[in-house]
Amino acid sequence: MHTASAKTVLIVEDEIALADVLEEYLRASSFAVDRLADGEAVVAHVRAHPPDLMLLDLMLPGRDGLDICRELRGFTTLPIIMITARVEEIDRLLGLELGADDYVCKPFAPREVVARVKAQLRRVDMLTHPRQEMQQQTLYLDSDRYEARMDGQALRLTAVEFRLLDTLCRHPGHIFSRTRLIEHLYDDHRIVTERTVDTHVKNLRKKLAAAFAGRQFIESVYGVGYRFEPA
Ligand code: CA
């Protein structure tokens, strides 16, 4: 039985013990839970009983998570957290532009997954009900001067910082891996470590926070990469 106010999380996972643990933790955090163990049934289930969020295992009997995610994105923006068995897989998945909102890798701490679920739902809530004072504000990027501006405030960026911000904010909410960002940041194909990207992000965030009253536009997605959050 689902109570009217509880948010529903759909767990699609064929490892029953794992799904049990996730369900237990989610219910303890007052979520309603639906479960499926077979990939074949997912799309029809989502159409008939749209959940508020979905945890989607990549390797499933019947139909794999990639394929399911692609089809779902044709008709719904519901937050999808993809569960993978290998951390190296994540970069490949990001490259496929599936439109998943976050990724967790097995083995995971259930508590961590619940935290990610809550973070995604908060995100959706903020996008659907932006705070009043944020609605009028738009970030302008001036590519001639490598300058970002909002409400008359401007900040000077290095060329790399500007490209970084430009890349991220062209696709709000989209997760970019460090590897993908490197491709966008340097046109001379130089060898750059992922650590370098982190340093540029850190500096860019510092400038943004200083200019825009501590607002954080760039969210780091743990173990995955970065994304731009407009609100
Ligand atoms: Ca599986």
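Which protein atoms are the donors of the calcium ion? The views below take this up in a predicted model, where local features need pLDDT of at least 70, side-chain atom pairs count only at pLDDT 80 or more, and totals for chains, interfaces and linings use all residues. Residues are numbered from 1 along each chain as its sequence is written, and side-chain values use heavy atoms, leaving out hydrogens and water.

**View 1. The calcium ion and its protein donors.** Asp14 (OD), Asp57 (OD) and Met59 (O) lie 2.1 to 2.3 Å from the calcium ion. Donors are N, O and S atoms within 2.8 Å of the metal (3.2 Å for Na, K and Ca); water is not among the atoms, so sites may look incomplete. Along the chain, the donors follow the spacing D-x42-D-x1-M.

**View 2. A closer look at Asp14 and Asp57.** Asp14 sits in the loop between β1 (8–12) and α1 (16–28), and Asp57 in strand β3 (residues 53–57), so the pair ties together parts that are 43 residues apart in sequence. Helices (H or I, at least four residues) and strands (E, at least two) are DSSP runs, numbered from the N terminus. Asp14 counts as partly exposed at 30% relative accessibility, while Asp57, at 3%, counts as buried. Buried means under 20% relative accessible area, exposed over 50%, and partly exposed in between (1.4 Å probe, protein chains only).

**View 3. Where α7 meets α8.** Val160, Arg163, Leu164, Thr167 and Leu168 in α7 meet Leu181, His184 and Leu185 in α8, with contact meaning heavy atoms within 4.5 Å.
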